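Hi everyone, thanks for coming. Let's look at a structure together, and I'll point out a few places worth finding on your screens.

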Amino acid sequence: MNRYLSILATFARACLVRDMTFRANFLLECVTSLGWMSMNLAFYLLIFTFTSEIGKNTGWSKEPFFAFVATGLIINSIVQALFMPSAEELTEMVRTGGLDAVLVQPLDAQFMLSMHRVDFSSFANGLVGVGLLGWAVSRMDYQPSPVAWLLYPLLILCGVAILYSLIIMLAAATILLGRNQSLYDFWFYLTNFSRYPAEIYSGPWGGPIRMLCTFVIPILLVVNVPARVIAMPLSGEAWGLVAAALIAATASLLISRLVFQAALAKYRSASS
Amino acid sequence: MHNSNRGGPVDPDGAAVISVDSLAKEYRVYDKPEGLLASVTGLFHRTSRLVEALRGVNLSVGKGEFVALLGPNGAGKTTFLKLLSGIITPSRGTAHVLGHVPWERDDDFRRRFALVMGQRNQLWWDLPAAESFRLHKEIYRIDSARFERTRDELVDLLDVRRLMLQPVRELSLGERMKLELVAALLHEPEVLFLDEPTIGLDVVAQHTIHNFLKTVQAERRVTVVLTTHYMKDVAALCERVVVITHGSILHDGPLEEIVDRFTTHKIVTLDLDATPAPGQMERFGFPCEIRGPRVTLRIDRTRIADVLPEILRSESVRDFSVEDVPLEEIVAELFRAAPVPSVSHASVVEATA
């Protein structure tokens, strides 16, 4: 474990050195990322000039909803910083045979392929997310209990684990197909569903989507569960969701691990 | 010429470091027809072929051997190296490297060998090689004292110390390859697989790498398997040559044996006093080239002992040399003459899922 942490630190250090080598690019990435996030926040503020709550009697009024958005920003920034750059590079590695060099090293290939690049500029959004969470929680009528604050980071990790598992499954598809340039697009489409409170998925169309995105691809548990724990009282239903998030995270990690191993066994490599 | 897949020479230590038994690898490749209509049709029905990259190869390599794998493009050399290093899994057969089945990818095994591919960059592109070396240290769990000692030895041998702190993308191909070799040897592997390590390099860089590999192999008794298209690599480095064509081993033995087995002629170059008359030299052998008083003859090996004294007796010879046919020519002829395997590239039509 220490060795893996040490290797991760070496990756992070190298990526930071590289980012600092191309400083203008790094700053531009930070600005672009923060700009996109600011536009989203402005859009949500605009929505709240027309309504006081997202969905009738859902509890997602302005401040709780911004706690929800902040939770999403924190989770997404962790995923975007730690895992997404490596996953995006995987397609090229499979196509050109660069994956060969990874497979001959005495290191877990999944670890190497999912964490060898760290995008520090993505942490900028996460930092804003933490600030936004503080602002939203301080203005809420309901104040989270100490138990909720303890559960919150754990559930953030569950959300990260679910998204990471999805990335690994898509990476496995890349290895099997030899080329999968739509990986990032597909991930973006899927995670779009997680950006809104689960309560909006109701009715004849919303109901099935909610079931699918909770029990089949548990994307709705990613942000909803930690956000609910921090923004609303811990009810019986909330405890059920906490258990569901823990189970979904564990199951996702196990399944994605199996799928990835199976894909690696079928790796064909590229011609030299 | 025989077509055997026999094992190699007996290992001097009595145990094979690499042993391969009936190893085969097949790929299914899909044909991509030309044209828009054919491409659209290809979404529903595709034609595939089974390509046998390697056909039941047997091989045994002892500790400290330096073996060259020769073969034309597409012969199966790189596939063989990828199987031995565990990158891909075989369709049939078994292999053991250092007592491990390579494609099981045990960490214990992967810590004991290295693979260098001349056409692929394994160092971090935007960073100095020193950063990649540091990562290597962590991955291979090399203690600091040993790491520094080995790194210093290797960079001094290749004279690349000054390049370690320069971003890899700013280095020339030869400089990059030298640093790739340093990275590959930092963990002191017992087996080294080299896939065309001198491709695209100038003669000076090639020579430096030859000397480096010879020193490393001799001092550390590393077992080396090298694929190359350069006969200079083979002549400079390898005692044993394995020729692969169409996925099968065509020849396995010392380099000299190739010359003995596959050449029937010697090349005799004569410097005469004057330009010979037309037809004057043909009675001795086939005149490959006549340029003024310099004549190059191709003479049957079995006749050379009789013909050479006769030339010296009957012609005014100022100087002469007797050489084997250049290795490149022998190998090229060998590849051309290799028997094409019977039909197993059967085409089968399949529907896509």
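**A walk through two chains**

Let's begin with B:T150, which is buried, with a relative accessible area of 1%. Keep in mind as we go that this is a predicted model. If you want to find B:T150 yourself, look in helix 5 of chain B, which covers residues 144-158. Which residues does B:T150 touch, once we leave out those up to four places away in sequence? They are B:L185, B:L186, B:E188 and B:R220. For the word "buried", the cut-off is a relative accessible area under 20%, so a value of 1% counts as buried.

Now zoom out to chain B as a whole. It has 353 residues, and 49% of them are buried. The secondary structure of chain B comes to 11 helices and 14 strands. Its C-alpha atoms fill a box of roughly 70 × 60 × 50 Å along the principal axes. Take the contacts in chain B with a separation of 6 or more: 73% of them join residues 24 or more positions apart. As for the outside, the accessible surface of chain B is about 16300 Å², and carbon and sulfur atoms account for 51% of that.

Over to chain A, where I'd like to show you two pairs of helices.

The first pair is helix 2, residues 23-47, and helix 3, residues 62-82, both of chain A. Their axes come within 11 Å and cross at roughly 160°. That angle makes helix 2 of chain A roughly antiparallel to helix 3 of chain A, because angles over 145 degrees are counted that way. The crossing of these two helices is right-handed. Which residues meet here? From helix 2 of chain A we have A:M37, A:L41, A:Y44 and A:L45, and from helix 3 of chain A we have A:K62, A:F65, A:F66, A:V69 and A:L73. Sorted by class, this contact between helix 2 and helix 3 of chain A has 8 nonpolar residues, no polar ones and 1 charged.

While we're on helix 2 of chain A, have a look at A:E29, which is also found there. Is A:E29 buried or exposed? The answer sits in between: A:E29 is partly exposed, with a relative accessible area of 32%. Leaving aside neighbours within four places in sequence, A:E29 is in contact with A:D119 and A:S121. From A:E29 to A:V69 there are 40 residues in sequence and 21 Å in space, C-alpha to C-alpha.

The second pair is helix 11, residues 220-231, and helix 12, residues 236-265, again of chain A. Here the axes come within 10 Å and cross at roughly 140°. So helix 11 of chain A is oblique to helix 12 of chain A, and the crossing is left-handed. On the helix 11 side of chain A, the contact is made by A:L221, A:V225, A:R228 and A:V229. On the helix 12 side of chain A, the residues are A:E237, A:L241, A:V242, A:A244, A:A245 and A:A248. By class, that contact of helix 11 with helix 12 of chain A divides into 8 nonpolar, no polar and 2 charged residues.

One last stop: A:S138, in helix 7 of chain A, residues 123-139. A:S138 is exposed, with a relative accessible area of 53%. How far apart are A:S138 and A:E63 in sequence and in space? They are 75 residues apart in sequence and 8.8 Å apart in space, C-alpha to C-alpha.

Thanks for listening, and do ask me anything!

Methods
Residues are numbered from 1 along each chain as its sequence is written. Chains are lettered from A and ligands numbered from 1 in the order in which they are written. This is a predicted model: local features need pLDDT of at least 70, side-chain atom pairs count only at pLDDT 80 or more; totals for chains, interfaces and linings use all residues. Side-chain values use heavy atoms; hydrogens and water are left out. Axes are lines fitted to C-alpha atoms, for helices over the stretch in contact, and angles run from 0 to 180 degrees between N-to-C directions. Helices (H or I, at least four residues) and strands (E, at least two) are DSSP runs, numbered from the N terminus. Angles under 35 degrees count as roughly parallel, over 145 as roughly antiparallel, 65 to 115 as roughly perpendicular and the rest as oblique. A crossing is left-handed if the near helix is turned anticlockwise from the far one by less than a right angle, and right-handed if clockwise. Contact means heavy atoms within 4.5 Å. Ala, Val, Leu, Ile, Met, Phe, Trp, Tyr, Cys and Pro count as nonpolar, Asp, Glu, Lys and Arg as charged, and the others, Gly among them, as polar. Buried means under 20% relative accessible area, exposed over 50%, partly exposed in between (1.4 Å probe, protein chains only). Accessible areas come from the Shrake-Rupley method with a 1.4 Å probe; for residues, only the protein chains shown count as cover.
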